[in-house]
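Student: Could you take me through one part of this model closely? I would like to look at a single chain and the loops and helices in it.

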Amino acid sequence: MSRTEFMQGNAACAEGALAAGCRFFGGYPITPSTEIAEAMARKLPKAGGVFISMEDELASIAAVIGAAWTGARAMTATSGPGFSLMMENIGYAAMTETPCVVVNIQRGGPSTGQPTRAAQGDMLQCRFGSHGDYSTIALTPNSVQEMFDLTAKAFDLADRYRVPTFLMSDEIVGHMRERVTIPGAVEVERPRPLAEGALPFEAGDDGTPGFAPFGSGRAVHVTGLTHDERGYPDTTDPEAHDKLVRRLVAKVESARRDIADYEVVNPDAETVFVTYGPPSRTVEQVMRDRPDDSIGHLRLRVVWPFPEFALKVFPNARTFLMPELNMGQMVREVQRHVDQPVISIPKIGGELHTPAELVRVLEAYR
Amino acid sequence: MRHEIRFSGYGGQGIILSAVILGRAAALYDDKYAVQTQVYGPEARGGASMGQVVIDDEPILYPEVTEPDIYVIMSQQGFEKYGIRAGMDAVMLLDADLVRSRPDCRHYEIPATAEAKGALGREIVANIVMIGALVTATGVVSREAIERAVLDSVPKGTEELNQKALKRGFELGERA
């Protein structure tokens, strides 16, 4: 039985995780993400899960990785400073191909910055924040309903590609309340089990090995060191490293079309907004207030791996406009994939672009 | 039609809860759309607190309040911080005993705290009196919807008191 509620984005995130079968949360409270931990603390034990209030964010992500290796769906939630502290072990999760979900309710940075205000300042950090080469998946909700839907989806993606997956939300969507429909059941796709006779890190054509969590009866050695298909360290052979790291990147990047999730409005448009997260709602407002087929909108629900092919949906595009709650982060990704001018519309300080602000930019660049 | 409603008062009056109840009434019981937001500052009990709601018949795209058309003000500091710039077309309900200033726009003086303390015997329901007055003075949501949303949101055992407070608010708003 589905039910309809009027709830906060952060509460909907917790509901989405529970519906997707998340049964472990290790976290450390931080504004503006704390309501997620609070909801999980109340609800996880009743669902047969485990909630641990960890001593800090380094331990939080470490506990999540450990829980994931027991086969549980596991997640943590944090914001800017906590996200920075998690970076080392996020690389460990990428290297060990640990399926897990990290929610970042972004606030103004750098450092402790603006704890109670919204930002999208960690969009490159979630892709490149840990050292070395790897790839990740990041989703960007723009409503309370999507806080539920995309959190649940993040677990499926994390499992399918065995990769840390990020819900990159922000204080605006995390704290706003809207109507949300919570379905009675969510279909869940767990990782493919490790095939009989296969080595623990031996991947097929799709680049993702089957998963044999601890307790599944298979002996698996897990290390952050460069390893061979058995999982044993092999740290000096250039070929072993090249093969492993190229696979870690390719398993996500080559699946860009499968992972992609975006909305297109007016594909024949000449001036095209590209958005993710809450600035998309300002663009939608502008387009409702001034119906005009020459203005288009590409709204990304998945930003990493970046769906560069979606930009080609607009064959007549002359200019791309990109409002972001940062000084211009994802705009670099758009710029390197198109020949047309891509105009960054940065906004920092914690407030969403207003419709009037975007109309001014629109008039300047048409 | 889009309405933007702003509530302000001091921390502890239930200002944020008022905004949540109104949003809930619109979104769950009146078949409208609502987005509720609030100022997330370090407002401790006593400081100026503010919560807002956008209500519309069609889906709400831009979620923030830009120029409220309805204000509910329950403290002088709240007026000075969040009410003083009200536009001439706005409507303001203010708690007559707690707000000294009066805006230039149309405004109704609602003795919510006095009623709560006096006839109702519990100061804590002043915000519910105010919500009742808001509903009959502006019609922004229906009486039935607000009643259900209030009952959803108040602690068990206080339903009767809150229903009385709401009803008193309806009467004060009708007279406004």
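Student: Among contacts in chain A between residues at least 6 apart in sequence, what percentage join residues at least 24 apart?

Tutor: Happy to help, and please keep in mind that this is a predicted model. For chain A, the figure is 74% of the contacts between residues at least 6 apart in sequence. The chain that makes those contacts has 12 helices and 15 strands. Its C-alpha trace spans about 60 × 45 × 40 Å along the principal axes. A compact globule with 366 residues would have a radius of gyration near 21 Å, and chain A, at 20 Å, agrees with that. Of its 366 residues, 54% are buried.

Now for the helices. In chain A, α10 (residues 279-289) and α12 (residues 355-365) have axes that come within 9 Å and cross at roughly 70°. That angle makes α10(A) roughly perpendicular to α12(A). On the α10(A) side, the residues that meet the other helix are Thr282(A), Val283(A), Gln285(A), Val286(A) and Asp289(A). Their partners in α12(A) are Pro355(A), Leu358(A) and Val359(A). Sorted by class, this contact of α10(A) with α12(A) has five nonpolar, two polar and one charged residues.

The loops deserve a careful look at their backbone too. Start between β5 (100-108) and β6 (114-118) of chain A, the loop where Pro110(A) lies. The peptide bond leading into this proline from Gly109(A) is cis, with omega near 5°. Ser111(A) is found in that loop between β5 and β6 as well. Its phi is near 55°, a positive value in a residue other than glycine. Ser111(A) counts as exposed because it has 8 C-beta neighbours inside 10 Å.

Another positive phi, about 55°, belongs to Asn266(A), which is not a glycine either. You will find Asn266(A) in the loop between β10 (262-265) and β11 (271-276) of chain A. Here the neighbour count is 20 C-beta atoms inside 10 Å, so Asn266(A) counts as buried. Ser111(A) is thus on the exposed side of the classification, whereas Asn266(A) is on the buried side.

One more cis peptide bond is worth checking in your viewer: the bond from Trp304(A) to Pro305(A), with omega near -5°. Pro305(A) lies in the loop between β13 (302-304) and β14 (319-324) of chain A.

Methods
Residues are numbered from 1 along each chain as its sequence is written. Chains are lettered from A and ligands numbered from 1 in the order in which they are written. This is a predicted model: local features need pLDDT of at least 70, side-chain atom pairs count only at pLDDT 80 or more; totals for chains, interfaces and linings use all residues. Axes are lines fitted to C-alpha atoms, for helices over the stretch in contact, and angles run from 0 to 180 degrees between N-to-C directions. Helices (H or I, at least four residues) and strands (E, at least two) are DSSP runs, numbered from the N terminus. Angles under 35 degrees count as roughly parallel, over 145 as roughly antiparallel, 65 to 115 as roughly perpendicular and the rest as oblique. Two residues are in contact if their C-beta atoms, placed from the backbone, lie within 7 Å. Ala, Val, Leu, Ile, Met, Phe, Trp, Tyr, Cys and Pro count as nonpolar, Asp, Glu, Lys and Arg as charged, and the others, Gly among them, as polar. The radius of gyration is taken over C-alpha atoms; the globule rule is 2.2 Å times the number of residues to the power 0.38. A residue is buried if 20 or more other C-beta atoms lie within 10 Å of its own, exposed if 12 or fewer, and partly exposed in between; C-beta atoms are placed from the backbone.
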